[in-house]
Structures are given as structure tokens and as C-alpha cells.
Amino acid sequence: MKYDVIIIGGGPAGLAAACSASENGAKKIVIIERDKELGGILNQCIHNGFGLHYFKEELTGPEYAGRFVEMLRKTDVEVKLDTMVLEVSPDKTVHCINTKEGYQALEGKAVVLSMGCRERTRGAIAIPGDRPAGIFTAGAAQRYVNMEGWMCGKRVVILGSGDIGLIMARRMTLEGAKVLACVELCPYSNGLNRNIVQCLNDYDIPLYLSHTITDIQGKERVEKVVVSKVDENRAPIPGSEIVFDCDTWSSRIWRPASPASSAAATWSTSTTWWTSSPRKACGPEPPPPSTPPARKREAPSWR
Amino acid sequence: MYDVAIIGCGIIGAATAYELSRYDLAVVALEAQNDVADGTTKANSAILHAGYDPEPGTKMARLNVEGVRLAKDLCEKLSVERKEIGSFVLAFTDEEMKTVHTLFDRGNQNGVPGLKVLTGDEVRAMEPAISTEVVGALYAPSAAIVSPWEFCIALAETAVRNGAEVRLSARVESIEKKDGSFLLHTAAGDVEAKYVVNAAGVDADKVHAMVGGHTFRTLPNRGEYFLLDKAQGELVNKVVFQCPNKDGKGVLVAPTVHGNLIVGPNAEGVETAEDVNNTAAGLAFVRKMSVKSVPSVNFRDSIRNFAGVRANSDQPDFIIEESPAAKGFINLGGIKSPGLSSAPAIGVEAVELLRSCGLSLRKKETFIDTRKRTVFRHLSPEDKAKLVKENPLYGRVICRCETVTEGEIVEAIHRPIVPRSIDAIKRRCNAGMGRCQGGFCGPRVHEILSRELDLPLDRILMDEEGSYILTQPTKEGK
Ligand SMILES: Cc1cc2nc3c(=O)[nH]c(=O)nc-3n(C[C@H](O)[C@H](O)[C@H](O)COP(=O)(O)OP(=O)(O)OC[C@H]3O[C@@H](n4cnc5c(N)ncnc54)[C@H](O)[C@@H]3O)c2cc1C
């Protein structure tokens with residue numbers, strides 16, 4: 001099968017790339033998405049604030065994605081869902097599989113890599129302590145809560161104060177969990193002020209700036225999380241420890257996903273993380289939801 | 001009444017069960033945890049040591065060399081990932097060069113094939129990332145890397161397919177000596193057996209005490225690690241050790257069979273087998289020591305820390321004996337490093353010991369000695385296409401970091417020892433081993449386990465008993 005443009009990843013960037021390629025005259029375009037639906041990370045972001053710039057409206061993540069999907073419907077862009085790319089070979093052949101069509105090798109004149117980014121996990125941040133259950137990336141916690149209808153903690157600490165961490169703090173509180181703290185390594189929050197007020201302050205959730213998680217205790221399930229203040233060099237200050245009794249902590253740290261091939265052209269993103277009792281985040285935050293992710297960060301085409 | 005009950009199903013218990021399952025015997029392995037390979041066997045350096053470390057003449061020396069020889073064939077037959085990549089022991093000073101020569105002599109006495117002493121430049125020609133401070137090294141081409149938990153699972157599964165039983169969540173709590181048998185009280189009911197093999201790892205001394213034996217004491221000793229992303233997996237091609245000291249084999253840098261880089265361990269005395277937490281000091285030490293060997297290790301690519309506890313003991317050698325306190329009770333205790341390397345030979349040794357204690361052994365007519373396992377990512381494009389056509393579940397990738405398909409996960413769930421937790425799936429098919437550490441696939445593996453085992457979502461665990469994931473349905477989920 002030959003295509004003008006093969007777009008890998010059907011999140012906001014891939015959707016925008018497809019619309020734009022179509023507008024600009026590309027004929028045979030395909031989006032390959034590994035999830036069951038288009039929209040990528042937007043589908044987990046059920047808070048609103050998306051689309052302010054692009055559509056001049058406040059939309060939730062799924063609504064915002066829906067707008068792009070509608071635009072796409074009016075084009076001839078083909079969409080392969082539930083399809084995983086295994087390899088992109090140097091001749092721009094994209095090898096992919098799904099359950100319906102099996103194994104396929106698609107040839108493209110251009111390949112767009114728009115696979116988004118991945119959360120960094122606890123290991124990436126080298127936090128000492130036990131390794132019990134109850135530590136979630138924000139993505140996993142969001143999936144359980146928003147998509148499976150299950151809570152993954154009752155007493156929660158969140159590491160990282162990016163918007164998604166803040167919004168999950170509110171969401172978990174509304175679901176009856178006690179969010180004990182939102183812990184941020186940086187001396188400032190990466191989240192929108194509005195979210196700090198509406199998601200933390202309104203629910204009396206303390207925000208600990210210039211703090212980080214320095215120990216995790218609990219054999220099977222998280223029992224305690226130790227939070228310490230950090231100095232200018234982000235090194236924990238001995239003696240500043242605060243202990244939280246919790247069962248969950250969550251973190252959110254993003255890093256670019258790498259494509260199956262070596263020819264990665266990704267934009268770098270940011271970091272946050274949170275865990276369902278404790279969570280933590282630090283570093284640059286994920287793109288704030290109110291910016292139009294698609295347009296601004298058009299996926300680089302790959303030659 | 002069983003002929004033999006094995007206490008503990010780490011690599012030592014599993015190797016023993018595998019060897020015993022060749023014979024017409026009723027065998028049961030009793031494991032305290034809810035999966036096999038859940039103790040020290042899942043948290044170590046994963047090296048099949050060439051065999052130059054142990055003192056010549058010890059059990060350790062003999063079983064190490066014999067064990068790695070057997071492992072070669074076993075891993076092949078039972079589909080266990082193993083790569084014979086060779087190892088270096090680096091010397092940074094003339095003093096350490098003397099140690100290298102000592103190890104060379106020891107290795108030769110122990111029967112280790114192909115040993116060579118190299119100069120610093122020869123080492124760097126083979127392994128360019130190695131420090132310019134290195135003055136020389138011992139090279140052992142027969143050292144290999146392996147997936148330790150998979151090795152254990154493969155042996156245990158094969159034993160089960162040959163008629164042995166493995167009971168999980170069956171911690172042995174006390175043992176009554178009876179006339180010609182033992183009555184074991186376990187968390188999963190009583191078990192009576194004529195012979196008992198104590199393969200309880202770090203807790204082997206405690207289990208021995210249950211029959212009144214006090215001939216050895218375990219001195220638990222923790223080692224901590226970094227596991228780095230595949231981006232660092234080719235930094236070195238061989239296992240890079242430093243000179244051993246009184247605390248162990250020093251900090252190593254090595255590729256893993258899964259394509260990652262492993263860095264560690266330190267050595268620190270701890271109280272119990274459960275002390276597998278990581279410490280800031282331990283990790284800092286590992287970092288500092290490892291860059292001495294390979295200065296370019298990039299710790300920003302760390303994806304996980306973990307720790308394992310060594311079953312060091314107050315004896316210099318492995319303890320492989322009939323207990324002086326109880327006839328028919330075999331200790332496989334103090335199985336510190338190179339325990340993993342020695343395991344296949346310890347299994348054989350245990351059977352011989354049982355024979356000498358009076359157990360009569362008759363070979364079974366048929367013994368299943370193969371094990372097949374689909375590893376989708378290792379297949380050719382043609383075979384991938386064929387497999388997806390036959391079973392569409394192989395067309396759905398669940399773990400994206402490691403390219404693990406739903407077909408492989410379902411296959412693992414329906415093998416002889418049923419995995420019941422997300423980490424048990426990780427150990428069987430690698431899902432969640434990658435750089436996102438299950439952040440993405442965890443909830444999906446969770447759903448598949450729930451569906452295949454017909455258990456509600458909140459009954460699926462992360463790992464051990466008690467490691468629950470979900471707490472209550474959300475308001476909408478109710
Ligand atoms: C840091 C470190 C690095 C190492 N590196 C290497 C290496 O590179 N190469 C090498 O060859 N060796 C290495 N080793 C040693 C090797 O890992 C061990 O020798 C080996 O795994 C021991 O296996 P085991 O079956 O005796 O113990 P375990 O795997 O601990 O198994 C014992 C089992 O017994 C169970 N148990 C305990 N008490 C009871 C009870 N009362 N009832 C029922 N079950 C019970 C436990 O739950 C456990 O599953 C290393 C060890 C450590 C800690």
C-alpha cells in the first residue's frame with residue numbers, strides 16, 4: 001500500500017498534521033493510532049480549558065479531540081485504529097499490526113512521527129524506599145478513575161503540581177479520597193493559577209513548593225511517604241522531613257516517546273508526576289491544556 | 001503423603017523440583033509468596049558467573065562451573081533468554097592486578113575455560129567505554145547473562161508438566177517430625193512428606209530451626225541496583241566487574257538479556273529478607289563506583305531501582321547437607337552468589353543427597369524436557385504476519401515499550417503456574433519492563449488478568465499478597 005503521508009499517532013499533533021496535509025493537497029493520507037480511538041492523551045483529560053486559542057471556546061479534552069475528528073471526517077484521510085507500528089524502515093516503510101488486518105507494510109512518501117510523550121516513572125527519578133503497590137503515574141491513575149470507574153487510593157500524595165496533577169487532586173477529592181499534599185520540587189508551580197485556586201485551595205489541599213519525596217515506605221502497599229524540603233540545588237535538606245500516612249502517590253513526568261525506528265523527530269516536553277497517595281512532579285510541565293497543542297507543535301515530517 | 005516436599009520455590013527450589021520430576025515420585029514445592037521466583041531470584045545481577053571467584057575445592061567452585069555448563073543446554077531447551085557474552089574483572093592498580101592473577105589461577109584450577117589476562121589497552125580495544133584508568137583485566141569468555149526469574153519459572157513449569165505440584169501462598173509455618181515423615185503446617189493447609197528439602201533462601205536458617213537444627217545462620221546482605229533504559233543497553237557488550245573485595249564481587253556494569261543496562265550492587269548487612277528497600281546512600285555508592293569502570297554511564301536514563309538480599313551465612317561455603325537434627329531433611333542453605341549460576345547443579349546434587357538418604361529413584365518413562373514460549377518481538381516479519389493471522393490477539397500490542405502482545409499475555413496466564421498479579425505477568429512476558437515501567441500497560445494487563453481469570457478488577461494484585469491496586473469504585477463506577 002502506498003501513501004503520500006503516513007502519520008504515526010492520532011493525538012492532537014497527528015490530527016492537526018492530517019488536517020493540514022489534506023488542506024494542502026496531499027491525497028492519500030493515513031493516521032495510525034494504537035488506541036481504540038483518536039485523540040491521544042486528550043481522552044483522559046476530562047477537565048476543560050482546551051481549545052481557547054484554536055476554537056475560541058473552552059472544551060474538555062475529548063470534546064477538543066472530537067472537533068478535530070469532525071474536521072477529519074470531511075476529508076479522505078484513512079484511519080487505522082488499534083494499530084501498532086513496530087518499525088519504520090529507512091525507505092519509509094511503516095510496519096504495523098492490528099487484529100483485523102494483521103501484519104502490514106505501508107510505504108509512505110512522507111512519514112510524520114507524532115507519538116506524543118511518555119510519563120517518566122519513579123525509577124527515572126531515583127527515589128529511594130520500598131517498591132509497594134500504590135504508586136501510579138498520572139496517566140495510569142487517570143485511566144482507572146476516569147475510564148475504568150475505580151479509585152486507586154484513599155489517602156493520596158501527589159508529586160508535581162502541573163495542571164494534570166492539580167486536576168487529579170480535585171477529581172480524587174470529589175471521589176472521596178483525601179489528598180494530603182501536592183508536592184512540587186520547583187519553588188513555583190507549573191500549573192495555572194486558576195487550577196491552584198480551584199483544585200487545591202478550594203479543597204484545603206496544601207501545596208509544598210521546593211519539596212520532594214525522599215522515601216517511600218510500605219511493603220505491599222504504600223503506607224508512608226516522606227517529603228523533604230530542598231535547597232537551591234534541589235538537594236533534600238536533612239531535618240526537614242514531613243511524613244504522610246497514605247496509600248497512594250502519583251507522579252507525572254513526561255518525556256518524549258521514541259518511535260520504533262531510530263529516526264526519531266520528537267519535540268521535547270516536560271515533566272510532572274503524581275502518585276495516588278503521594279504524587280510528585282518536577283521540571284517542565286506537560287503542555288498546558290489551554291494552548292492549542294496541534295497547530296503550534298506541528299509534527300515534523302520525516303525525510 | 002508426598003515423597004518430597006520442597007520448601008521455597010526460588011531458583012534453587014525450582015531446580016530441585018525439576019530434577020526430581022524426572023523420577024516416579026510425588027513432589028510438592030511449597031512457596032510462601034503468590035508466585036515462584038519472588039525472592040532473591042528476582043533481584044540479583046543475573047550473571048551466570050564463569051567460576052573463577054570461589055576457592056578451589058569448595059562446593060561453590062564445583063557447582064558454579066558445573067551449573068553454568070548445565071544452564072547452557074537447559075536455557076536452550078526451556079526457552080530461557082541467555083547470552084554468553086563474557087566478562088571482565090578490571091584492575092585499576094598493580095595491587096589489583098595481583099588479584100586478577102589470583103583469579104586467573106583459581107579459575108584454571110576450577111576448570112573455567114578460555115581465561116585470559118589482558119592489558120588495559122587490550123580491554124579498551126574490546127570495550128571502548130571502559131575507563132582509561134584501567135591497567136588490565138581478567139577476561140572470561142564463558143560468563144553469560146540470563147533472565148533469572150524466567151529461568152526459575154521455566155524450571156518450575158517443566159516440573160509441574162512432569163507431575164510435580166507447586167503450591168503458592170503456602171508459607172511453611174512449623175514442622176512436626178513424625179516417624180519416617182514430616183508434617184508441614186502451611187498457610188494453605190497441612191502437607192505430609194517423607195523427605196523435606198529446605199530451599200527457603202534467606203530464611204533457610206529459620207526453616208531449619210523448625211526441625212530443631214541450628215548448624216548455620218543466614219546473614220542477610222542487601223545489594224542495590226539501577227536499571228537503565230535501552231538507550232544505554234549497548235554501552236558495554238560484556239559484564240564489567242571490578243576486583244572482588246571482602247563484601248562481594250564489587251559494582252558491575254552489564255547489559256541485560258532484555259537489552260537494558262544493569263548497574264550495581266553495593267553490599268550492606270540488613271535484618272531480614274524483606275529489607276529490599278532502596279536507600280539514598282546505597283544508590284549513591286553504586287553510582288560513584290560504577291562510573292569508575294565506565295565513566296559514561298548516563299543515570300538520567302535510569303528506569304528503575306531495585307534491591308535484592310543475599311543469603312550470606314556464617315559458613316564459607318554453600319550448605320548442602322542432610323540436617324544433623326533430622327534424618328531425611330536436606331538443607332540447601334547459605335546459597336549466596338553464585339547461587340543462580342550453580343542452581344542447575346545444586347538441583348542434581350540435591351537429588352543425589354536424597355538418594356543417599358534412602359529415597360528410591362526410578363526414572364519416568366516419559367519426561368517432558370522442552371518448553372515453548374512465543375516472543376513476538378523476536379519473530380521475523382513473516383512469522384509475525386502468520387501468527388497474527390492465526391490468532392488476532394497477537395496483533396494487539398499491550399506493552400508498547402517492549403512490544404508485548406495480548407496473545408503472549410494470554411498464553412502466559414494459561415501456563416502451568418498461573419500468574420495472578422501484574423508483576424507476575426511482567427516476569428513472564430516482559431510487559432511493564434520498559435521505560436514507562438507499566439505506566440501505560442499496567443491498567444491493560446490488569447484488565448486482561450481480570451478477564452482471563454474471571455476475577456473482579458479489585459482482586460488483581462500488583463505483586464505480593466496485600467499489594468492491592470484499587471480501593472473502591474468511583475461514584476459513577478458503582
Ligand atoms: C544483590 C545480589 C546479586 C546476586 N548476583 C548473582 C549473580 O549475578 N549470579 C549468581 O549466580 N548469583 C547471584 N546472586 C545470588 C542468587 O541470586 C541467589 O543465590 C539465588 O537467587 C538463591 O535462590 P534461592 O532459591 O535459594 O532463594 P530465593 O529466590 O530467595 O527463594 C527462596 C524462596 O523461599 C521462600 N520461602 C522462604 N521461607 C519460606 C517458608 N517458610 N515457606 C515457604 N516458602 C518460603 C521465599 O518466599 C522464596 O521464594 C545474587 C544475589 C544478590 C542478593
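Start by selecting strands E19 (residues 319–322) and E20 of chain B: the two pair in the antiparallel sense over four bridges. Keep in mind as you look around that this is a predicted model. Click on B:Ile319 and you'll find its bridge partner in E20(B), B:Gly333. The two strands form a hairpin with six residues between them, and B:Gly328 in the turn has a positive phi of about 85°.

Stay on E20(B), residues 329–333, and show its side chains. Five of its five residues are buried, so this strand counts as mostly covered. B:Phe329, B:Asn331 and B:Gly333 point one way, while B:Ile330 and B:Leu332 point the other way. Now add strand E12 (residues 189–198) of chain B, which pairs with E20(B) in the parallel sense over three bridges. To spot the match, pick B:Val197, which stands opposite B:Ile330.

**On to the ligand**

Select the ligand and everything around it: 38 residues make up the surroundings, and the closest are B:Glu31, B:Thr41, B:Ile47, B:Ile335 and B:Ser341. Which elements of chain B each supply at least two residues of this shell? They are helix H1 (11–20), strand E13 (221–228), strand E18 (302–310) and helix H8 (339–356). Try colouring the shell by residue type, and you'll get 18 nonpolar, 15 polar and five charged residues.

Next, zoom in on three contacts:

- At B:Ile47, a polar backbone atom is 2.7 Å from a nitrogen atom of the ligand.
- At B:Ile335, a backbone N or O atom lies 2.7 Å from an oxygen atom of the ligand.
- At B:Ser341, a polar side-chain atom lies 2.6 Å from an oxygen atom of the ligand.

Switch on a surface here: the ligand taken alone exposes 1000 Å², and the protein buries 96% of that.

Then pick out H1(B). Ten of its ten residues are buried, among them B:Ile11, B:Thr16, B:Tyr18 and B:Glu19.

**A small sheet**

Now select E3 (47–48) and E4 (82–83) of chain B, which are the edge strands of a sheet, each pairing on one side only. The sheet is open, with three strands in the order E3-E8-E4 and antiparallel pairing. E8 covers residues 144–146 and pairs with E4(B) over two bridges. Click on B:Lys83 to find its bridge partner in E8(B), B:Ile145.

**Backbone oddities**

Most residues other than glycine have a negative phi, and most peptide bonds are trans. Here are some exceptions to visit.

Go to B:Pro338, in the loop between E20 and H8 of chain B. The peptide bond from B:Ser337 to B:Pro338 is cis, with omega near 5°. Another cis bond runs from B:Gly264 to B:Pro265, with omega near -5°. Look for B:Pro265 in the loop between strand E16 (261–264) and strand E17 (268–269).

For positive phi, try B:Asn430, where the value is near 80°. B:Asn430 sits in the loop between helix H11 (422–429) and helix H12 (441–453) of chain B. Is B:Asn430 buried or exposed? Its relative accessibility is 3%, so it counts as buried. Now jump to B:Asp454, in the segment after H12, with phi near 55°. B:Asp454 is exposed, with a relative accessible area of 68%.

**Last stop: cysteines**

Select B:Cys243 and B:Cys357. B:Cys243 is buried at 9% relative accessibility, and B:Cys357 is buried at 15%. How many disulfides does a search of the whole structure find? Zero, over all chains.

Definitions and conventions:
Residues numbered from 1 in each chain as written. Chains lettered and ligands numbered in written order. Predicted model: local features only at pLDDT ≥ 70, side-chain atom pairs only at ≥ 80, totals over all residues. Heavy atoms only, no water. Pairing = 2+ DSSP bridges. Near = heavy atom within 4 Å. Polar contact = N/O pair within 3.5 Å; in protein donor to acceptor, adjacent residues only side chain to side chain. Areas by Shrake-Rupley, 256 points an atom, 1.4 Å probe, with all protein chains shown as cover. Nonpolar A, V, L, I, M, F, W, Y, C, P; charged D, E, K, R; others polar. Disulfide = S-S within 2.5 Å. Buried < 20%, exposed > 50% of the residue type's maximum accessible area, 1.4 Å probe, protein only.
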